[in-house]
Amino acid sequence: MSETDDVARGEGGSEPSAPDLKDAVGEAPLPEASSPEVLLAEVPSLEPGGSPTPTVVKKKRSQRLRDTLIWIRDHYCVMEPRTAGIYRWVVGFLCVADMLRHWGEARWFYSNDGVLTNHYHLWRPSSGYNFSVFHAFSSLTEVHIIFAIFVLCHFFFMIGWRTKLFSILSFVAVTSLDNRLVMVENGGYVVVNLVVAYAMFLPTGKRFSVDAWLRSWRERKESTVAELNERYRPDWAYKPYTSLAVLLVVLNLAVVYFFNVVNKSGHLWRTGQTVHYVLHLNRMVTGLAVWFRELFPYWTTRPVTWAVLCTEAVLVGWILSPYAKRITRTLAMIGILLLHTSFGVMMRLGPFAWFMIGWSMCLIAPEQWTIAEGWYRRKAAPRVVVYDRSSPLAFAACRVLGRLDNLQLLRFEESPEIAIENAAPELLLARDEASGQVFTGIDAFRQIVQALPGGRFGYWVVRIGTLGLLGPILSFASRRRAALTRYFGLAIPPRGREQTPSPWSPLRRRLWNGGMYLRETLLVWVAICSVLQAIAENKAVPAWARPKMPGVMSATLVYPRMFQGWGMFAPNPITDDGSVSIDAITLDGRHVDPFTGEVPDLDISDSRGLGLGQIRQDYFNRIRLDRNKVFRQPLQDYLRNWHKETGRPQDELVAFDVYWVRAMCPPPGQKHAYNNEKIALLTYRKSGYRPAPGLPPLPPEPKVESADTVDPKAATATPAPLDGVPMLFEKLVHLFKK
Amino acid sequence: MGLVLIYDLLRRFRYIKEFYSNDGVLPNHNHLFNLHGAQVWSLLHAFSTEGESTFAFALILVAYTLFAVGYQTRFFHVVSVVALVSLTGRNVLLENAGNYAAIALLAFTAFLPCGSRFSIDSMRAALDARDEKTARALNDRPTRTDEELDAQRLPGWAPTSIAAFAVLAQIAIIYLATALQQKGAWRDGTALYYGLNVERWVSRGGASVRNLSPALLALWTHALYVAEWGIPALVLVPVGFRYTRTGAAVLSAFYALTLGLLFSFGLYAWTLLAASLLLLPKELWTGIENVPRASRLRTIIYDADCGVCLWLSRVTKHADLRHHLTFQGNDDVAELLITGKNGVVERVPAPKGLTPEVVLGTVVVADRHGNTFTKSRAVSEVIGALPLGWTVAWIFRIPGLSSLFDLGYDAIATRRQGISVLMGKEACGIAEHHAAAEEPAEPPGPGTDEEVAPAVRNARTGIGFLRELGVGVVFAAMLAQTTAQNQLPYKLAQPKWLAAVATWPRMMAKWDVLTPEPPKDDEIFVIDGQTKAGRAIDTLTGHDPILDPGAMRGSGLGQLWGDYLTRMHEKEWLDFQRAFRDYLAKGGPGWDEKTGDDQIIGLDAYWLKQPIPAPGSPRAPDSVTREKLFTHSRGGKTAITPEKMMPLIRPDLNLKR
């Protein structure tokens, strides 16, 4: 029997009925959920004459409502622990990677040696309801420590050790990271916050985790070959999980795409010019995007633009479809993977693309597990593992393999009795049951591992991880099996009692249910806040319909920065490119840009990608804005102390001008940016400075201007008339919006 | 120590707005800015508003409480260290030797097995280790040898550690360093008198005893001085622990209680009082544990068919340190079970009041004189037999209240079967006693030392080595810091990294309480503010400005405000004054009126000084001098009243206590 046979299934098969699900919330039963049949039986009969009484009508209505809720619960609120486990691995890995990425910028952006000191940000917080643990860490050393702690938190969350605790700490970590430097926040950061927030409410530690692993070792201590061949399938690891969190995590994903479509109402999207413009944003693009824009003609980018919009539109349906999940969810995951991989490799958008892929892991339904299982089963071959019957080490290895063998492709056998003294059988050998072929040593290891889920890839991970010494290691273990057994204190049967979970007392069950209701109530609250936030924040919603969020609702979402405004490059992509360049003069008269360490580049029209990371490019893009003028003071302080960072006194800056260097992206069909200009954001001249003999006097200070100003040409540009395919596309968008 | 931490936190709770939020005297950004990169760290810097800080305090309270009751003790011990460091580091103007002592002792004891006894952890472990089902099992109390206990301890839980030495040494060092720096008034016996006349320090209790005869205060001073020298000497004596360590603990408790009751030194005295318990020798514990007092011996007759009653009996058994209690089921009351002199349970004739009818309706407790107690009185007797139970037991005997407790008892007793079912306990199945259940279960942990695998042993050794290394480094840092911060005859080399180990967690080791001697001047901080209606007001107290320190009679603002205001007038803390002025402009702890005639329209800040007369002499009211620290807006009301004007001086700002 396959692993998914006795778990909840989607449409078209054995979707669990309501009574089946009553035990599905976490580990404890739900309050008795009435099935539709039971409810129908409770409805009183009609009055003579056929007209229902008001009571009957009311009951019918309430029954319909209950049926609807049950339908929603069965179709959207159930998640397999396996799905949650995969979700945790992917999100945890991305969190570790993202935290490491930010750690690389610790000095510049997160320490008091950088461009925004903690005391300045606390004095002038970027927003209300701003809380970040990073604010408590000032010096670079302290910041390194907190980054190390948070990386560890993410790592432990990823591997599922004390999962609940570390999922909460991971949430604190990501929201703190965002709140410490709100200036570089983009939709990606919000996605990270949401994805990790939902993880706190999902059963992420039930499968594929250290917690689950340790628990299974405590609860099940196999002592015979028969017990090895009988897989341990505890309820806590296999029962589907029911919670509003499952609905929210899926629904929110659909909402992201929905608003991304409806907000993209600009003519550049409709006329298919978006990809062209986006590919010419040198501050954002990667080298691959530069290659793409230079190689492919303009007309090829138009279908790509529409394809992006269409994909996002159909994703909403695929994600939310309650039926045919086998197809729709698979298509949704593939669509998200392709869409965001292309975003991720072309643009420097930070965590957005990768975390959206991570988010899509929540879409894995039992049907997808069945598909994956079938696919892997076709690739993998069953093997018989014959272990040394006298070696506790071999037996312990079999216990490990039994826990990894989710597809049950392994069968265990004891080695035959050997009468010859001092002769020992192979520690482990593998046998192909069909052909009878026997594998020993490293070949046996390979055969066994490849029969495990993911073992085809895992085998090579192990080979590389052991630096090619796998063969000698296995050989050593086989030779020294007795010594290793003693060293690790192994025995057959394993030591200690099986700690089978005792049945819960009614009191504990009630307390657990109380906690569950609290959790669901919290989720309802978050859902209400999020819905209002989505209405208030998205451009597609008319102004009159946007509610004013009460303070407590704002606090609920703004502290963790779980916003709901979705509209990347909406309604139109920006058509001007820009970045910050600093023309600084050192004590010894050199012109240098402290951000690059090189001669300042004040012309970006010839750029083939600026090579800036997301954090820097977003910081540059935001520091130019008038609303962030207040944050230029710490930037100035940083530049004045730049020589302390380099450690060279002659690097002291006696003057600097911080420019926003801007150029218009090339119009469709052209390749070169134009209209390069520089706008001074900040200037500084050291008071009392006298140039050394032979050095020119300091240049006059440029006038500081607003870099917010909309390009008048762009503002007055008339959209091109639509015809042909664009017109057809616009009609489709119109229909979709309707 | 957990209780001391909770007391300290609750004390700070009422000052969250003033000292820990951005609406107070030192916003987090201002503090961080003024620290100029000093090695000060606090997680509370991340909390800005009063609400956020209150939330953080609530979390700290939870951590302290769980540490105090010993739930996940090691974890919450470390969290408590972090919390205390954060509380200290958030506003360094409030810290004093009490913070340094508390952090140091808390940090060192984090390496010791504080959860092994008198904790929820140990209670749970004891309940898990043996599932008693019968009265016989309840009365069976095998004692384990030290070797067996050691073998069961998890890595990092052995009490034999450098940390144990470090704790003792730290306590000794605190007293020794203090004594070494004291002179003058400590030698002539006037120190306590002068100390009690410093309004910023004295508590209400201290104010009430400062007029005792000078001879008595001199005697008390000498006793304190002797205690300071005696404690380190007794601690360091390597023999006769039963007497030396006990003597040190008693002296330490005397010293701590004196300072705690007479002065407002914050954590200092109460930390030392808690530390006194660390000095109690093993011999003393052995003399208490398993040694019952005849007058407290009791027999509990519990409902043998009630699961929750059995569970309560098991909990009581493990809390019964001195083995005062003997357990007996109500299914066999023909005779009474008592524990004999050698710990053997014996049967004696049942007292008159012990009838089958009585034991069906209530728990019965019998003493050795044939007296029986029921209901809440029985509960009182049981609690009274437990360690320190007498502090609570008397409440159940108060006339009137005892009737209420009886009602409560009845309400629970009649529902005990239901409660048993609710808690998953057996309700009526206890009678099915089976011998196997009475056998002690396999103890948790790896078992005896022979059963520990070499891999586990190596891991333990590695962890133990790291632990000892950690303690060693922290201890070395504390030693070096102590010699650097105090006027001691010896100075140890203190490399930067070692100084950082002590400085980051605010283990500043400045043992300067009442050193070198209490000041001969009484100094106070007074705000002379005026309201829109023209009323003179001290916004710190909410009353008229008191310009005579001698008239305050111990009605100071407490340690936090005392230390803060003292520093406010010192030159090295001038950078922090601006935030204080901004705060005062909006009101103060005693004045929060921001509108109408009561709003503050100007104020002056003064540092008043009055010489403390020699013992037995009265204060001279006209000897008060004032130092004007700053003026806000229109200034104060009193300052413009000629008859109340005092001579203005500008003495050295670097005044020492």
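Me: Two strands pair if DSSP finds at least two bridges between them. In this pairing of E7(B) with E8(B), which residue stands opposite B:Gly529?

Reply: The model considered here is predicted. E7(B) and strand E8 (residues 536-537) of chain B run antiparallel and are joined by two bridges. Across from B:Gly529, the residue in E8(B) is B:Ile537.

Me: In the hairpin of E7(B) and E8(B), which residue takes a positive phi?

Reply: Four residues lie between the two strands of this hairpin. With a phi near 90 degrees, the residue in question is B:Gly534.

Me: Which residue of E9(B) is the bridge partner of B:Thr531?

Reply: E7(B) is also joined to strand E9 (residues 600-611) of chain B, by eleven bridges, and the two run antiparallel. The partner of B:Thr531 in E9(B) is B:Ile600.

Me: Is B:Lys341 buried or exposed?

Reply: B:Lys341 lies in the loop between strand E3 (335-339) and strand E4 (345-349) of chain B. A residue with 12 or fewer other C-beta atoms within 10 Å of its own counts as exposed. Because B:Lys341 has 8 such neighbours, the residue is exposed.

Me: Which helix gives the most to the side of chain B that touches chain A?

Reply: In total, 21 residues of chain B are in contact with 22 residues of chain A. Helix H3 (28-35), helix H23 (416-422) and helix H25 (454-485) of chain B each supply at least two residues of that side of chain B. With four residues, the helix that gives the most is H3(B).

Conventions. Residues numbered from 1 in each chain as written. Chains lettered and ligands numbered in written order. Predicted model: local features only at pLDDT ≥ 70, side-chain atom pairs only at ≥ 80, totals over all residues. Buried ≥ 20, exposed ≤ 12 C-beta atoms within 10 Å, placed from the backbone. Contact = placed C-beta atoms within 7 Å.
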